[in-house]
Amino acid sequence: MRFSDLLDRTEAKELTQEAASEVLGISVRTFQRWAERYEAEGDDGLVDRRLGRRSPRRAPEEELERMLALYRDKYADFTVKHFHEQMQKRHDYVLGYTVTKLALHAAGLVRKAPKRSAHRKKRPRRPLRGMLLHQDGSRHVWIEGLPARDLIVTMDDATSEIYSMVLVEEEGTASTFQALREVIGEHGLFCALYTDRGSHYFLTPKAGEKISKTQQTQVGRALSHLGIEHIAAYSPQARGRSERVFGTLQDRLPKELRLAGITTVEAANAWLKAHYIPGHNAAFAIKPEQEGTAFVADRHEAWREALCVIEERTVANDNTVAWNGRRLQLPESRLRPHFVKAVVRLHEYPDGTVSVFLGPHRLAMFSANGQQISPDAPQPGGVLGAVKDKPWRARKRASLTAPARTAVKIVRVGAEKRASSRTKKLTKSPPTISLA
């Protein structure tokens, strides 16, 4: 009746076809088709001709029933997107995501997502890979049957690509160094690192206030040595990009580990690096704004000695150094007769091994239980770049301390001191005067 009234008004030139079609919420071409059918068939021409006919592109009922049964039996705690990915990967499923979601909604197995809140402006991403990396940890029950652990994730701001993912007992300096060594060893040095204000990242004189600009943690010292800027976040909202990634990981990762049959932390870390990270990046990483990279190769691999715990110790009278309740015995060296009272540096690496340095020289290396690994001291002159261009004899002497040089015999032609009997002039005795 409404259409016939509008049609009469258009024929009487009271309304245009455009205005009439806008009132009905249809296009002008549809209004014209309806007018032709109404004139030819009357009211019957306006009946929806799709009623009672199945679409030839309708999803097969058998496949929908199989999908619903699998969701009820095996994937009831999965999100629709995650469930759809697993169906395609594991069950030769060919139906689309929208069809799957609508079928799950109709069956009452999945609730519709709530309406999104008002639009918020995101912080723009850095244009190049390697300009800014995020690192954060999340404590969660990642492996069924095991207690909660910390997952340390390092990701790129430009692409949301995950570079490192490590499960550890507790987040701290060692886990940070382990993750950074993986990233820098594979990709190179980057420009800046964005983290929270955890005590292993920054020293905060008063809780909740600004970080110290003068005192550094072991992590801060290492990043400063490598020329990497360290940026502190002062709220969870400031780390929104990494927080959203952990929301996805907490939903997906435990289920993926369960499907893969992972039951130990060691197996999980190996599986994350070999399988999960490539799959996650393929699904969620985006293309950077600009081509190229801001990563820089560390040709001298300075990161190996920077990304570790470094402390100073004074050598005891028996040439030992105290470390973690143990006494590390320093071996003999050609650098000096002994190291008593010398101030040395100890580098503890993520695997627990320790190296003892005197200046640029590595004096010895010890395993985590205190056993010496490398008893050989460096060859004199091997690391003293300042004298490497001098003649051999100069290098030989410059690389040794004064006490050690006395033990080295160097031939000096024409410079030996003569015996006193050969150099002292003989004086003539005065003539003897006879009184006779």
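The exercises below, each with a worked solution, concern a predicted model of one protein chain.

**Exercise 1. The chain as a whole**

Find how many helices and strands the chain has, and what share of its residues count as buried.

Solution. Start with the elements: the chain has 14 helices and 12 strands. Next take burial: of the 436 residues, 37% count as buried. A further step concerns contacts between residues at least 6 apart in sequence; 57% of these join residues at least 24 apart.

**Exercise 2. Strand order in the open sheet**

State the order of the strands in the open sheet of five strands, and explain why one side of β3 and of β5 is left without a neighbour in the sheet.

Solution. The order is β3-β2-β1-β4-β5, and the pairing is mixed. β3 (162-168) and β5 (229-232) stand at the edges, and each has a single partner strand, so one side of each lacks a neighbour in the sheet. On average, neighbouring strands of this sheet are turned by 20 degrees against each other, direction ignored.

**Exercise 3. The partners of β2**

Determine in which sense β2 pairs with β3 and with β1, and name residues that stand opposite each other.

Solution. First take β3: strand β2 (residues 149-156) pairs with β3 in the antiparallel sense, over six bridges. Within this pairing, Val153 has Met165 as its bridge partner in β3, and Asp150 stands opposite Val168. The hairpin of β2 and β3 has five residues between the strands, and there Ser160 takes a positive phi near 65 degrees. Then take β1: β1 and β2 are also joined in the antiparallel sense, over eight bridges. Here His134 stands opposite Met155 in β2.

**Exercise 4. The two faces of β2**

Sort the residues of β2 by the way they point, and decide whether the strand is mostly covered or uncovered.

Solution. In a regular strand the side chains alternate between the two faces of the sheet. In β2, Arg149, Leu151, Val153 and Met155 point one way. Asp150, Ile152, Thr154 and Asp156 point the other way. Eight of the eight residues of β2 are buried, and the strand is mostly covered.

**Exercise 5. Helices on the sheet**

Identify the strands touched by helix α7 and those that helix α9 lies across.

Solution. Helix α7 (residues 173-187) packs on the sheet and touches β1 (133-140), β2, β3 and β4 (192-195). The direction of α7 makes about 150 degrees with that of β3. Helix α9 (residues 240-259) lies across β1, β2 and β3, and runs at about 40 degrees to β1.

**Exercise 6. The surroundings of His82**

Decide whether His82 is buried or exposed, and list its contacts beyond its neighbours within four places in sequence.

Solution. His82 is found in helix α5 (residues 80-90). The relative accessible area of His82 is 0%, so this residue is buried, the limit being under 20%. With neighbours within four places in sequence left aside, His82 is in contact with Asp251, Arg252, Lys255 and Glu256.

**Exercise 7. The pair α1 and α2**

Describe how α1 and α2 pack, and name the residues that meet.

Solution. Two packed helices are described by the angle between their axes and the distance between the axes. For helix α1 (residues 2-11) and helix α2 (residues 17-24), the angle is about 165 degrees and the axes are 10 Å apart. Angles over 145 degrees count as roughly antiparallel, and α1 and α2 are therefore roughly antiparallel to each other. The crossing of α1 past α2 is right-handed. Arg2, Phe3, Leu6 and Thr10 in α1 meet Gln17, Ala20, Val23 and Leu24 in α2. By class, this contact has five nonpolar, two polar and one charged residues.

Technical notes. Residues numbered from 1 in each chain as written. Predicted model: local features only at pLDDT ≥ 70, side-chain atom pairs only at ≥ 80, totals over all residues. Heavy atoms only, no water. Pairing = 2+ DSSP bridges. Helix = DSSP H or I, 4+ residues; strand = E, 2+ residues; numbered from the N terminus. Axes fitted to C-alpha atoms, helices over the stretch in contact; angles between N-to-C directions. Contact = heavy atoms within 4.5 Å. Buried < 20%, exposed > 50% of the residue type's maximum accessible area, 1.4 Å probe, protein only. Parallel < 35°, antiparallel > 145°, perpendicular 65-115°, else oblique. Left-handed = near helix turned anticlockwise from the far one by under 90°. Nonpolar A, V, L, I, M, F, W, Y, C, P; charged D, E, K, R; others polar.
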